[in-house]
Amino acid sequence: MVTSVQEPTGTADNVLTLHELAMGEIDIEGRLVEASNATLFGSIHVDDHSLGNVIYKPVSGERPLWDFPHGTLAQREVAAYELSEALGWDLVPPTLLREGPYGLGMVQSWIQIDEEVEIVEVAQGDHPDIIRMALFDALINNTDRKFGHLLPIGGRIYGCDHGVTFHQEDKLRTVLWQFRGDPIPQGLLADLDRLETVLPILEELIHPEEIAALLARRESLLTSGTYPLPSQDWPAVPWPPF
Ligand SMILES: Nc1ncnc2c1ncn2[C@@H]1O[C@H](COP(=O)(O)OP(=O)(O)O)[C@@H](O)[C@H]1O
Ligand SMILES: [Mg+2]
């Protein structure tokens, strides 16, 4: 059981800022083959100067899903970033909406992961970022928290692939169930108050009913004070889990 949790200890090196993500031109260098949507790997450069690598998911490359409105996944990725920032949790690499070679899309700083980290082991433990991530996923109603969506870098763990989040119906599907039913650390419950500050931004990105559902999920976390339990009504673990 976890009763307290450390503050994030600084953003890792080589992570592009929002300002850098907004600058310059995007060059596509490849497509991530395991990805279900058009998930493109590229770099951003200003004149001849490369700023670094990015993930670019154009809205035009989003595959229709039965349960999410078509063409809304990129906004959900940005909403997840903005919410993580507002809470002070720094769990999502800087992410914004901008034009790219295939039109409007989400652009996110690429995280060069530490390959030697055993992510499955870390994900099942009580790393401060994992403690926070499990609560973050409950809050954003993440339907796809796989091990491969956890990015270890410089002692921190970032999360990626937040396209299928913020649905108004409960659909939490994650590999991070080790805290189920446990008390949420007081500091994290207090952080949930910061959510108000990001509502004007979220209103531009997700549906009003989804904002209402987000606030209801927060209320229920504050009332119970515990991490949610896996549902019996839908698969609570993504498959495959990697
Ligand atoms: N910002 C990022 N930094 C580093 N690796 C990433 C980043 N975003 C995605 N990835 C890697 O690329 C894979 C595919 O990207 P993902 O966002 O999961 O695409 P999809 O929505 O198509 O599943 C991820 O599982 C992860 O390994
Ligand atoms: Mg994915």
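How many bridges pair strand 4 with strand 5, and in which sense? Six bridges link the two strands, in the antiparallel sense. Strand 5 covers residues 103-109. The model discussed here is predicted.

## The sheet

The connection between strand 4 and strand 5 is a hairpin, made through two residues. Two bridge pairs can be located in the structure. E99 has L104 of strand 5 as its bridge partner. T95 is partnered by Q108 of strand 5.

Strand 5 also pairs with strand 3. These two strands run antiparallel and are joined by five bridges. Here K57 has M106 of strand 5 as its bridge partner.

The pairs belong to an open sheet of five strands, ordered 1-2-3-5-4, with antiparallel pairing. Strand 1 (25-31) and strand 4 (95-100) form the edges, and each of them pairs on one side only. On average, neighbouring strands of the sheet are turned by 40° against each other, direction ignored. As background, strands of a sheet pair through backbone hydrogen bonds, either parallel or antiparallel.

Strand 5 is mostly covered, with five of its seven residues buried. Helix 2 (residues 73-87) lies across strand 3 (49-58), strand 4 and strand 5. Helix 2 runs at about 145° to strand 4.

## The nonpolar core

The largest nonpolar core has 53 residues. Which of them touch the most other members? They are V54, A79, A134 and L135. Several elements each supply at least two residues of this core: strand 2 (40-46), strand 3, helix 2, strand 5, helix 4 (128-140), strand 6 (150-153) and strand 7 (156-159). Helix 4 gives the largest share, nine residues. In soluble globular proteins, nonpolar side chains tend to be buried together.

V54 shows how the core is connected. Neighbours within four places in sequence are left aside here. V54 is then in contact with L16, L21, I26, G42, S43, I44, V107, Q108, S109 and W110. One of these contacts, Q108, is also the bridge partner of T95.

## Helix 4 and helix 7

Helix 4 has 13 residues, and its first and last C-alpha atoms are 18 Å apart, close to the 18 Å expected at 1.5 Å a residue. Is helix 4 enclosed or open? Of its 13 residues, 13 are buried, so helix 4 is largely enclosed by the rest of the structure. Just after helix 4 comes N141, with a positive phi of about 60°.

Helix 7 (residues 208-224) passes the same kind of length check. Its 17 residues should span 24 Å at 1.5 Å a residue, and its end C-alpha atoms are 24 Å apart, which agrees.

Which residues of helix 7 are buried? E210, L214 and R217 are. They lie on the same side of helix 7, because they cover an arc of only 60° around the axis. An α-helix has 3.6 residues a turn, so residues three or four places apart point the same way. The buried residues of helix 7 pack against helix 4. The face turned away from the buried side carries exposed residues: P208, E209, A212, A216, E219 and T223.

## Backbone exceptions

Most residues other than glycine have a negative phi, and most peptide bonds are trans. Some sites in this model depart from that pattern. Two of them sit in the loop between strand 7 and helix 5 (186-191): D161 and F166. Both are buried: D161 has 24 other C-beta atoms within 10 Å, and F166 has 27 C-beta neighbours inside 10 Å.

The table lists the positive phi values.

| Residue | Phi |
|---|---|
| N141 | about 60° |
| D161 | about 65° |
| F166 | near 65° |
| G225 | near 70° |

G225 follows helix 7. N141 follows helix 4. Neither D161 nor F166 is a glycine.

The peptide bond between W239 and P240 is cis, with omega about -5°. P240 is found in the segment after helix 7.

Definitions and conventions:
Residues are numbered from 1 along each chain as its sequence is written. Chains are lettered from A and ligands numbered from 1 in the order in which they are written. This is a predicted model: local features need pLDDT of at least 70, side-chain atom pairs count only at pLDDT 80 or more; totals for chains, interfaces and linings use all residues. Two strands pair if DSSP finds at least two bridges between them. Helices (H or I, at least four residues) and strands (E, at least two) are DSSP runs, numbered from the N terminus. Axes are lines fitted to C-alpha atoms, for helices over the stretch in contact, and angles run from 0 to 180 degrees between N-to-C directions. Two residues are in contact if their C-beta atoms, placed from the backbone, lie within 7 Å. A nonpolar core is a set of buried Ala, Val, Leu, Ile, Met, Phe, Trp, Tyr and Cys residues joined through C-beta atoms within 7 Å. A residue is buried if 20 or more other C-beta atoms lie within 10 Å of its own, exposed if 12 or fewer, and partly exposed in between; C-beta atoms are placed from the backbone. The expected span of a helix is 1.5 Å times one less than its number of residues. The arc is that of the directions from the helix axis to the C-beta atoms.
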